[in-house]
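Reader: I would like a careful, close look at one part of this model, set against the chain that holds it. Please give the cut-offs as you go.

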Amino acid sequence: MPEINILPKEVYQLIAAGEVVERPSSVVKEMIENSVDAGAKSITVEIKNGGSTYIRITDDGCGIARDQIKKVFLPHATSKIKYSNDLDSISTLGFRGEAMASIAAVAKVELLSRPKGDELGTRYVIEGGEEKEFADAGCPEGTTIVVRDIFFNTPARMKFLKKDVTEGNSVAGIVDRMAISHPDISFRFIRDGKQTLITSGNGDLKSTVYSVLGRDFSSTLVDVDYTVNNMRVTGVVTKPSGARKSRAMEFFFINNRLVKCQTAMAALEQAYKNKIMVGRFPGCVLNIECDTSFVDVNVHPAKIEVRFANERPVFELVYYGVKSAIETQDTTIEAHFSQRKTVVNSSGKLDFMQKEEDKPHQMEFRQKSSEDFWQVVSAPKAQESKPQQAEINAYREALEDVKKISEDLTVAAPQKTVIHDKTPEPVKEQAPATPTVDIPDFKVVGEAFKTYIIVEIDNSLYYIDKHAAHERMNFEALKASTVISSQVLLAPVPVRLSREEYSAVLNNLELYSKCGFQVEDFGNSTVLVRECPSILDGEGVEDLIVETAGKLLDGKTDITPEQMDWIFHSTSCRAAIKGGDTTSPYERELFVKKLLSMPDIRYCPHGRPVMIKVSRYDIEKQFGRQG
């Protein structure tokens, strides 16, 4: 059992800026690190009201001897280091000896501890830095610390705490990271009386990642284990097909210590170059093992940043380790289709009482119209084999019955349109008439690469980027609307986020509502999207929520026009036709006519031009026709 040392002045003056208890999550982080350093194999974290009123951490570590307990709460008291040269080889998570003193100074703390083999434990109570009780106690082996009423004696600091749900999510994020960095320790997290996380502690990283980050993320993972230059990187990374719209699922550890490492992040993303789309990022849980003398962890108050003696070996280790893993373990994407039966009852009608798993695939019908030409869906006609013809005919007759019933219901019960106010100002009763624009005579020559529509106007050719132009049209329509029309999704879309993204979305539900989304908390880092702007047609909702959540991570909570603009940017982009999509001559004609009626459209919301003009003079000059 280690002895706690009071550091001499010449030692603690070498330590970087002192720990500051900023919020409940910083308290939890320090105490969990102490439990890990104590050799615990099971750690339970319980909080109430986001941790602002109650935090309890229980471990089965080595415990603290009775004559050492008071030293725990003295400044610069630690069992991790003793001499100045110990700072060059730190192998523990904690080492500064300031955290518990800082916590006891601003909270009410109760400690119960019994070393292994002792028959009796000790209870120690300290509030605001003042000792209240020190006595024998019956308690299990290990240590339990209860922290109540953070900042009870410093109300000025209490006002900087955020909502309970935000603080609770921040604590949950700390527990998540500690759990995936130590799969050999069983973590249990209880939040307001409800258990939200438990890991097995069996040492299996993938099962721990599954418990912490969910099935969708863990199903895309491949193993990484690579050694070079006396350094090793282990962990898991996502397949290229599992890339996300943000970096929120990138977790790096140095000797099992959570860090922010720009070198490792750059190496990771470089390894995926030309394997994932621009604007998408891989996910990972990677631990870099290296000699403690090679890395300095004493450069940041929260010990979240580190400094390497040489960055290049770290870059090469991560780059080659990840690249090797995805090139050898990634496989072709497979499509899996569930086989469903078409059940027809004795009267020849479709049986609506069949089990959910036996229902046929849903069919979507869209009506082509000149006003909604970009919503046309075309699909190749399926070939019908003779043995299946009778079944197909029966199925088609059943679908006709469904359509008839649906039409009757539509007449009897008009569809409800969901409208979200975008601005608090009342809508004017009569909007001014839209000024007419003279559309020049034009001729659609054709389309290049299924991306650029070629138009002849006067003595020039115009190359129109149909995606960029359509994106700008959508964007202007959203901005100009005083109300945003929404559609109720047939099936609500669950979106799994990182803890930070999750908090950002929950803090900005009003912003999403003003932009045409109905988003609600679904628990366990998941939100549920029930409605989206009609312009999206229900497509790309999950990616859009992930992308916008990443942009909200800067902590802003006020709804600003700028924030609404970039949500409109993302919405417009996903609703626009994509380069490579097939468009008919009829659709091109209508599209060009609509674009030319909006002369102010010259750039897409990202700043790219929507069209390029090439004069007849310039073309003829290239052919030597101009003297």
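What percentage of the 627 residues in the protein chain do buried residues make up, and, as the part for a close look, how many of the seven residues of strand 2 are buried?

Author: The model is a predicted one, in which local features need pLDDT of at least 70 and side-chain atom pairs count only at pLDDT 80 or more, whereas totals for chains, interfaces and linings use all residues. Residues are numbered from 1 along each chain as its sequence is written, and side-chain values use heavy atoms, with hydrogens and water left out.

Buried residues make up 45% of the 627 residues in the protein chain, where buried means under 20% relative accessible area, exposed over 50% and partly exposed in between, with a 1.4 Å probe and protein chains only. The chain's secondary structure comes to 17 helices and 25 strands, taken as DSSP runs (H or I of at least four residues for helices, E of at least two for strands) and numbered from the N terminus.

Five of the seven residues of strand 2 are buried, so this strand is largely enclosed by the rest of the structure. Its partners lie in two directions of pairing, a pair requiring that DSSP finds at least two bridges between the strands: strand 2 runs parallel to strand 9 (residues 186-191), joined by six bridges, and pairs with strand 3 in the antiparallel sense, again over six bridges. Ile-47 takes part in both pairings, with Arg-191 as its bridge partner in strand 9 and Ile-55 as its bridge partner in strand 3.

Strand 2 and strand 3 form a hairpin with five residues between them. Asn-49, in the loop between strand 2 (42-48) and strand 3 (54-59), has a positive phi of about 55° although it is not a glycine, and it counts as partly exposed because its relative accessibility is 35%. Asn-229 likewise has a positive phi of about 55° without being a glycine, in the loop between strand 11 (221-228) and strand 12 (231-238).

The surroundings of strand 2 can be followed through Ile-32, which, leaving aside neighbours within four places in sequence, is in contact (heavy atoms within 4.5 Å) with Ile-43, Val-45, Ile-57, Val-175, Met-178 and Phe-187. Ile-32 and Val-147 have the most contacts inside the largest nonpolar core, which has 55 residues; such a core is a set of buried Ala, Val, Leu, Ile, Met, Phe, Trp, Tyr and Cys residues joined through side-chain atoms within 4.5 Å. Helix 5 (residues 164-181) gives the most to this core, with seven residues. A second, separate core of 32 residues includes Phe-252, Ala-264, Cys-284 and Leu-286. In soluble globular proteins, nonpolar side chains tend to be buried together.

Cysteines deserve a word as well. The structure holds zero disulfides, a disulfide being a pair of cysteine sulfur atoms within 2.5 Å. For Cys-290, which is in no disulfide, the nearest cysteine sulfur is that of Cys-261, 9.8 Å away. Cys-290 is buried, because its relative accessible area is 11%, whereas Cys-62, at 22% relative accessibility, counts as partly exposed.

Over the whole chain, 70% of the contacts between residues at least 6 apart in sequence join residues at least 24 apart.
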